[in-house]
Structures are given as C-alpha cells and as structure tokens.
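Student: Got a minute to go through this one with me? I'd like to talk about pockets, cavities and charge pairs.

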Amino acid sequence: MRLINTLKAAGAAAILVAAAAASIAPASADDMGFKGKSAGDILVRGRIVGVVPDEDIKSDSLGGEGNVDNDVIPELDFSYFITDNIALELIAGTSKHDVSWNTGASDLDLGSVRLLPPTLTLQYHFLSKERFSPYIGAGVNYTFFYDSKPGQFQEVKYDNGFGYAFQAGFDYAISGPWSLNVDVKKIFLNTDVSVNTGAGTVKADADLDPWLFGIGIGYRF
C-alpha cells in the first residue's frame with residue numbers, strides 16, 4: 001500500500017512535469033533542434049522523487065521489526081560531463097519519514113526523522129549525441145539524520161553513515177538545452193538506532209535501502 005501511494009503521487013508529479021515539458025517544447029517541428037551531450041557540459045535538473053525505503057530493521061533485545069514510511073520530495077542535481085559519455089552527478093534533497101515498531105501485538109511510535117543523503121555517482125551516457133540518451137551510474141553517499149522526533153519514547157538517535165548507490169535513467173531532449181529526465185536509484189544505507197525508553201536503551205540495526213523514483217526537467221549549460 002505504501003508503494004502504491006507513492007507511485008500515485010509520482011504519477012501526479014509526472015503529469016505536472018509533462019505539462020511543463022509541453023510548455024517548453026517548440027510549436028513546430030522545424031524548431032526541434034537540440035545539441036548532443038558534450039565534454040564540459042553542465043546539466044542541472046529539478047526532479048520530483050518518490051522515496052520508498054526497502055527497510056529491514058531488527059533488534060536483539062526487542063521482538064518484531066521497524067517500519068519507515070515513504071515520502072515524495074523535490075530534488076536538485078548537477079551533472080558535469082568529463083567526456084561526451086562520462087559524467088559526475090551530485091544530488092541534493094531531503095526527506096522526512098515516520099518510524100514505528102511492530103511488536104506483533106501493537107505498533108510503537110518512534111516519531112519521525114529527516115534524512116539528507118548527498119549522493120555522488122559516476123555515469124555512463126549511451127547515445128550521447130541522440131535525442132534519447134539512456135545512462136547507468138554507480139557511486140557513494142553520506143546520509144545525515146537530523147530533526148529526530150522521539151514519538152512515545154524519550155529519545156531516538158540515528159548514526160550518520162556512508163552507503164553506496166546504483167542508478168539508471170534517461171534524458172530525452174525537448175528543445176535546445178531543455179530535456180526530460182526519468183531516473184531510478186537504489187541506495188544501500190545502514191544505520192544504528194538507539195531508543196531511550198526511560199528504563200534503558202534499546203538498540204536496533206536498520207537497513208533502510210531506499211528506492212528513489214524521479215522524473216523532472218533538465219537544463220544544459
């Protein structure tokens with residue numbers, strides 16, 4: 001159900017992006033010129049991203065498992081083309097997630113937390129001189145956890161940490177420097193969680209491993 005709700009939101013975002021793309025696109029076929037990707041180009045994209053954690057959160061001292069909800073966020077990314085086909089991409093965006101613990105008999109409220117996961121990937125762009133240009137990429141990220149709300153507990157802490165990421169997507173040239181972008185990332189992210197219950201501290205190991213489904217508009221300098 002969480003995935004369905006996020007995909008519905010992403011679908012609504014796709015309609016808005018398509019409308020924006022239509023407003024940018026030229027009125028006649030004669031104006032459909034575009035320039036292929038080239039070394040030295042800087043590509044700036046704005047995306048709407050559905051963040052869908054694929055979590056596995058367990059504790060040795062508490063039965064059950066943790067759950068993290070989805071979010072839909074705006075995201076900004078910057079790509080620099082080292083060659084016509086190879087680029088570095090840096091993404092910036094922050095998400096907020098409600099967290100709970102299902103003991104099997106009840107759900108415990110662990111409040112919420114915000115994530116800031118700057119991610120740097122190295123990409124290979126196929127068909128860089130064509131209007132439709134798919135790409136793949138891999139890289140690393142460092143996730144900051146902040147603004148944690150403890151819910152029904154005294155305090156909930158999350159350790160910052162490194163992860164790695166894979167991605168696939170495509171750019172479709174609309175007109176001139178403008179393009180449509182669709183992008184999917186998988187970020188492998190682990191954090192240690194400490195929950196202060198008042199009677200003691202409960203620790204959990206959390207593999208969050210979110211999927212990021214994005215669609216947006218790009219402008220190339």
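Student: What's the volume of the largest pocket?

Tutor: The largest pocket comes to about 230 Å³. Keep in mind that this is a predicted model.

Student: Which residues lie nearest the centre of the largest pocket?

Tutor: Val99, Trp101, Leu110, Val193 and Val195 do, out of 22 lining residues.

Student: And which elements supply at least two residues each to the lining of the largest pocket?

Tutor: That would be β3 (65-68), β6, β7 (107-116), β13 (190-196) and β14 (201-207).

Student: How does the lining of the largest pocket split by class?

Tutor: You get 17 nonpolar, 4 polar and 1 charged residues around the largest pocket.

Student: OK, on to enclosed space. How many cavities of 30 Å³ or more are there?

Tutor: The structure has 2 of them. The largest cavity holds about 160 Å³ of space, and the second largest holds about 120 Å³.

Student: Start with the largest cavity. Which residues lie nearest its centre?

Tutor: Val51, Ser95, Pro117, Pro210 and Leu212, from a lining of 18 residues. Two elements, β4 (71-81) and β6 (95-102), give two or more residues to that lining.

Student: What's the class make-up of the largest cavity's lining?

Tutor: For the largest cavity, the lining divides into 12 nonpolar, 5 polar and 1 charged.

Student: And by class, what does the lining of the second largest cavity have?

Tutor: The second largest cavity has 6 nonpolar, 5 polar and 6 charged residues in its lining.

Student: Which residues are closest to the centre of the second largest cavity?

Tutor: Of its 17 lining residues, Lys37, Asp171, Ala173, Ser179 and Arg220 are the closest to the centre. The elements giving two or more residues to this lining are β11 (161-175) and β12 (178-188). The largest share, 3 residues, comes from β11.

Student: What do the side chains of Lys37 and Asp171 do?

Tutor: The two side chains meet in a salt bridge, at 2.8 Å from N to O. Asp171 sits in strand β11, while Lys37 is in the loop between α1 (2-24) and β1 (42-52), so to speak a link between distant parts of the chain, 134 residues apart.Student: Are Asp171 and Lys37 buried or exposed?

Tutor: Both Asp171 and Lys37 are buried. For Asp171, the relative accessible area is 3%.

Student: Which other side chain meets Asp171 in a salt bridge?

Tutor: Arg45, at 3.0 Å from N to O. Asp171 is in strand β11 and Arg45 in strand β1, so this pair ties together parts 126 residues apart in sequence.

Student: How buried is Arg45?

Tutor: Arg45 has a relative accessible area of 0%.

Student: What about Arg47, which side chain does it meet in a salt bridge?

Tutor: Arg47 pairs with Glu89, at 3.1 Å from N to O. This pair also links distant parts of the chain, with Arg47 in strand β1 and Glu89 in strand β5 (residues 86-92), 42 residues apart. Arg47 and Glu89 are both buried.

Student: Which residues are joined into one network by salt bridges that share partners?

Tutor: The network takes in Lys37, Arg45, Arg47, Glu75, Asp77, Glu89, Asp171, Asp183 and Lys185.

Student: And how many salt bridges does the count come to?

Tutor: The count comes to 17 salt bridges.

Student: Changing topic to the backbone: what's phi like at Leu127?

Tutor: Phi of Leu127 is near 50°, a positive value in a residue other than glycine. Leu127 is found in the loop between β8 (119-125) and β9 (132-149).

Student: And what's phi at Asp209?

Tutor: Asp209 has a positive phi of about 40°, and it isn't a glycine either. Asp209 is placed in the loop between β14 and β15 (211-220).

Student: Buried or exposed, that Asp209?

Tutor: Asp209 is buried, with a relative accessible area of 16%.

Student: Last one. Where's Pro53?

Tutor: Pro53 is in the loop between β1 and β2 (56-58). Pro53 is buried, at 9% relative accessible area.

Student: How far apart are Pro53 and Asn67 in space?

Tutor: They're 8.9 Å apart, C-alpha to C-alpha, and 14 residues apart in sequence.

Methods. Residues numbered from 1 in each chain as written. Predicted model: local features only at pLDDT ≥ 70, side-chain atom pairs only at ≥ 80, totals over all residues. Heavy atoms only, no water. 1 Å grid on protein atoms, 1.4 Å probe; cavity = no way out; pocket = protein on both sides within 12 Å on 5 of 7 lines; lining within 4 Å. Points joined across faces, edges and corners; volume = space filled by probe spheres on them. Helix = DSSP H or I, 4+ residues; strand = E, 2+ residues; numbered from the N terminus. Nonpolar A, V, L, I, M, F, W, Y, C, P; charged D, E, K, R; others polar. Salt bridge = Lys/Arg side-chain N within 4 Å of Asp/Glu carboxyl O. Buried < 20%, exposed > 50% of the residue type's maximum accessible area, 1.4 Å probe, protein only.
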